[in-house]
Amino acid sequence: MQALRDRLQQLEDPTGWEIWETWKASEPELREELASLNATKQEKEKQSREALAGLKLRKKALTALKEDVLALQNEYKNYVKAVEQSFKESGLLDMKLVVNVFEKVLENSLSEKKTTILETLSSTDFTNKKTISELHTTVKTALSLLNDQNQEKLREIIQGELQDFHKSSNEIFRSNLWSELQKQGVPMKKLSETPNYQDFLQRLTKIFEFSCDLDLLLHGNHQESIGNLIHVSFGKLSNHCVDMVDSEKEKDSDFEWILMSAHEWAKHLKEVIEKAVEKLEIDEKLKEKTGEIFNEKFVEFVGTITKRFVRKNLEDPMIFSKLATLLRRFEEKCDFDLTDKDLFEPLYEPEFMSKWISLEVELFSLSIKQLLRTPDCFKPLDAISIGSKSEQWASEITVFFEQWICRVDKDVSSLGNSEIQCTFYECLHALMLDLCSKIHVMAKRLYEQPSWSNNVYLVMNSIWELRRIVQTLTVTWPVSSFEVEKAYDEEWKRLSGMIVEYLNTLVNSMDQDIRSSYSASGEKIKCINDYFYHILKCLKNVTIKASRPSRSPLLNVLTEQLFKNLQGKFEKWKSCCSVDTLGRFYDHIYSNILPQLDYFHQQNEWTRGDEARTAICHLDALMKVAANRDPSGELVRTAFRSIDEEQVVKILGELGYHSTSDHAFQDYQILAENWHKIEEKGYGYGKD
């Protein structure tokens with residue numbers, strides 16, 4: 001076939017006849033290839049049939065093998081059941097019985113050693129003072145007897161006797177150790193300052209070796225040995241420091257001096273213990289933990305004497321605050337590693353925590369009760385100038401409150417227990433809310449006094465400052481102070497509402513007099529003059545009596561409510577009042593009130609709020625639109641007094657009107673008629 005392809009490719013532009021001749025010439029070769037392919041196909045078919053027959057034979061053999069395996073499995077299960085039944089009938093299947101039998105056999109095999117060890121231990125008479133060397137010989141003998149492949153089981157069998165021996169021997173160890181330390185003057189002196197300290201270290205090492213062997217006898221290892229050595233060593237120093245606390249005749253003894261002295265003595269003790277431990281024949285890895293274990297025992301030691309000091313001074317209302325300050329200073333000066341250590345942990349006991357909280361509550365309540373006896377607690381301190389440019393405000397109540405929060409927060413933040421911290425902060429929140437309630441009661445009492453018009457500002461200033469203090473000083477606390485801030489904010493709003501109520505009373509009374517049919521126009525004008533005198537005086541009082549931080553918020557509240565009330569009244573007045581009466585109202589708004597508010601704004605006495613600005617602009621627009629009802633044009637001139645001719649031309653141009661030039665009054669009339677269209681373009685009052 002390939003030969004035929006080659007011949008066809010060699011032809012250049014072959015004709016059909018040439019292709020036919022070429023194919024005919026290659027026909028024999030093609031027939032041979034076809035015959036060869038047929039033979040190959042038959043051979044492969046034969047091989048496939050033979051392979052298939054072989055697979056069928058193997059499958060049959062595997063099926064038979066599987067049946068044999070299943071039969072053997074069933075036979076094995078039956079055998080197991082038969083053996084199990086046989087064990088049950090003979091009692092050999094009760095594993096507890098088997099274990100008991102084994103333990104009994106093991107115990108019997110160890111009984112001789114057990115008896116020998118117990119005899120060795122019981123031969124020690126602790127009623128007579130024994131030396132360390134005598135006891136050490138007994139301990140070493142017991143250890144050699146315990147040196148058995150079954151020593152764990154043997155130690156378990158005699159555990160009770162070993163514990164009794166360890167307890168009694170440990171008292172001898174403690175007594176000898178404390179005696180050596182006392183004779184050498186350690187730890188009150190440095191090791192290098194004591195006589196023959198090398199001999200002392202040798203004696204101390206032998207005492208330590210005895211303690212380590214005692215632990216090895218009881219536990220079979222030295223895991224607790226270093227901790228026991230340090231704990232017993234600290235015991236003598238702890239007793240000495242506790243005696244110092246107890247011996248002080250004055251309850252508030254110089255505990256800081258005691259702590260710092262104990263700190264120095266502990267450093268001396270650490271040096272001695274480390275040098276003695278270096279000579280012990282125990283695992284080096286255990287020796288390396290000496291410093292870490294000593295730090296832990298040091299914290300326990302500080303906790304012991306701290307609790308003793310607190311119990312002695314529990315009646316001092318400031319004991320916990322003093323102690324918190326003292327411990328913070330001690331942490332800063334301490335040479336030991338206190339990482340992840342909490343010196344305040346001894347105070348977390350319910351006895352101390354409940355006392356601490358109750359003392360803080362009592363102290364706060366008593367202080368607040370004394371402060372709120374007179375309104376003087378709300379008066380500004382001499383260093384603060386009300387009505388000046390000062391941004392500060394301080395009264396006795398705010399100064400106390402801020403100092404109290406700072407002090408308690410500093411003490412509480414020192415605690416390492418977050419749960420106890422939260423408990424404290426929740427208690428502080430409750431006290432803050434209680435203070436707000438007490439101020440509320442105090443304000444009600446002051447309301448009945450003639451001086452309330454002055455006192456209301458003093459109380460409001462303090463309330464505003466108290467809210468600021470809560471907001472700024474509690475921001476890092478783990479519990480939210482939202483409810484506290486809300487309580488002080490609502491109390492401030494309640495007090496500011498009293499001033500709003502006073503202004504509303506003036507406006508409402510003026511409304512009655514203006515709309516009275518029994519009053520002449522002249523009387524109504526005099527009435528308007530009187531009422532606006534008091535309104536203007538009230539607004540000026542805010543800049544004089546209100547603290548600078550609360551001044552703008554208060555002016556915004558008063559201005560908003562005043563102009564909203566005037567809007568409703570003006571809608572009635574413009575239809576029932578004479579032009580003269582309305583003219584006086586226009587004069588007071590555009591010549592007194594608005595210029596005065598502008599002055600406050602220019603002098604940075606007031607930052608306009610959006611609500612106040614909107615209320616002012618709304619009344620301004622109503623009055624400008626209504627000014628056209630005056631045929632004389634006086635109301636129009638008054639209403640547009642603040643807008644010069646250049647602004648008039650500009651505004652008219654934006655409205656699509658041309659200035660009448662010689663008829664300026666008509667220009668103002670056009671503005672009045674279209675004021676509602678342009679008040680949002682920035683020409684109205686109050687656009688900064």
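This is a dialogue about reading helix packing, salt bridges, cysteines and backbone angles in a predicted model.

Colleague: Before we look at any single feature, what kind of model is this?

Modeller: It is a predicted model, and we should keep that in mind throughout.

Colleague: Then let us begin with the helices. How does one describe two helices that pack together?

Modeller: In general, two packed helices are described by the angle between their axes and by the distance between those axes. In this structure, helix α16 (residues 418-447) packs with α17 at an angle of about 170 degrees, and their axes are 10 Å apart. An angle over 145 degrees counts as roughly antiparallel, and α16 and α17 are therefore roughly antiparallel to each other.

Colleague: Which residues make the contact between α16 and α17?

Modeller: From α16 the contact uses M432, L435, I439, A443, L446 and Y447, and from α17 it uses W452, N455, V459, I463, L466 and V470. Sorted by class, this contact of α16 with α17 has 11 nonpolar residues, one polar residue and no charged residues.

Colleague: At what angle do α17 and α20 pack?

Modeller: Helix α17 (residues 452-473) and helix α20 (residues 548-576) pack at an angle of about 110 degrees, with their axes 9 Å apart. Because the range from 65 to 115 degrees counts as roughly perpendicular, α17 and α20 are described as roughly perpendicular to each other. On the α17 side you will find Y457, M460, N461 and W464, which meet P549, S550, P553 and L554 in α20. The classes here are six nonpolar residues, two polar residues and no charged residues in the contact of α17 with α20.

Colleague: I would like to turn to charged side chains. What can side chains of opposite charge do?

Modeller: As a general idea, side chains of opposite charge can pair when their charged atoms come close. In this model the count comes to 33 salt bridges. One of them is between the side chains of R407 and E360, where the distance from N to O is 3.0 Å. R407 is in helix α15 (residues 396-413) and E360 is in helix α14 (residues 350-371), so to speak of this pair is to speak of a link between distant parts of the chain, 47 residues apart. E360 has a relative accessibility of 4% and therefore counts as buried.

Colleague: Where do D530 and K526 lie with respect to each other?

Modeller: D530 and K526 are four residues apart in helix α19 (residues 521-545), and they are therefore separated by about one helical turn. Their side chains meet in a salt bridge, at 3.3 Å from N to O. As for accessibility, D530 is partly exposed, with a relative accessible area of 37%, whereas K526 is exposed, with a relative accessible area of 52%.

Colleague: Are E605 and R548 buried or exposed?

Modeller: E605 counts as buried because its relative accessibility is 13%, and R548 is buried as well, with a relative accessible area of 12%. The side chains of E605 and R548 meet in a salt bridge, at 3.5 Å from N to O. E605 lies in the loop between α21 (579-602) and α22 (610-626), while R548 is in helix α20, so the pair ties together parts that are 57 residues apart in sequence. Elsewhere, K307, R311, E349 and E351 are joined into one network by salt bridges that share partners.

Colleague: What is a disulfide, and how many are counted here?

Modeller: A disulfide is a covalent bond between the sulfur atoms of two cysteines. In this model the count comes to zero disulfides. Two cysteines can still be described by their accessibility: C334 counts as buried at 11% relative accessibility, and C527 is buried with a relative accessible area of 10%.

Colleague: Finally, what should I know about phi and about peptide bonds?

Modeller: Most residues other than glycine have a negative phi, and most peptide bonds are trans. Here, the peptide bond from V186 to P187 is cis, with omega near 10 degrees, and P187 is found in the loop between α7 (159-184) and α8 (197-219).

Colleague: Which residue in the loop between α7 and α8 has a positive phi?

Modeller: N196, which is in the loop between α7 and α8, has a positive phi of about 50 degrees although it is not a glycine. N196 counts as exposed, at 59% relative accessibility. N604 also has a positive phi, of about 60 degrees, and is not a glycine; N604 lies in the loop between α21 and α22, and it counts as exposed at 58% relative accessibility.

Terms used
Residues are numbered from 1 along each chain as its sequence is written. This is a predicted model: local features need pLDDT of at least 70, side-chain atom pairs count only at pLDDT 80 or more; totals for chains, interfaces and linings use all residues. Side-chain values use heavy atoms; hydrogens and water are left out. Axes are lines fitted to C-alpha atoms, for helices over the stretch in contact, and angles run from 0 to 180 degrees between N-to-C directions. Helices (H or I, at least four residues) and strands (E, at least two) are DSSP runs, numbered from the N terminus. Angles under 35 degrees count as roughly parallel, over 145 as roughly antiparallel, 65 to 115 as roughly perpendicular and the rest as oblique. Contact means heavy atoms within 4.5 Å. Ala, Val, Leu, Ile, Met, Phe, Trp, Tyr, Cys and Pro count as nonpolar, Asp, Glu, Lys and Arg as charged, and the others, Gly among them, as polar. A disulfide is a pair of cysteine sulfur atoms within 2.5 Å. Buried means under 20% relative accessible area, exposed over 50%, partly exposed in between (1.4 Å probe, protein chains only). A salt bridge is a side-chain nitrogen of Lys or Arg within 4 Å of a carboxyl oxygen of Asp or Glu.
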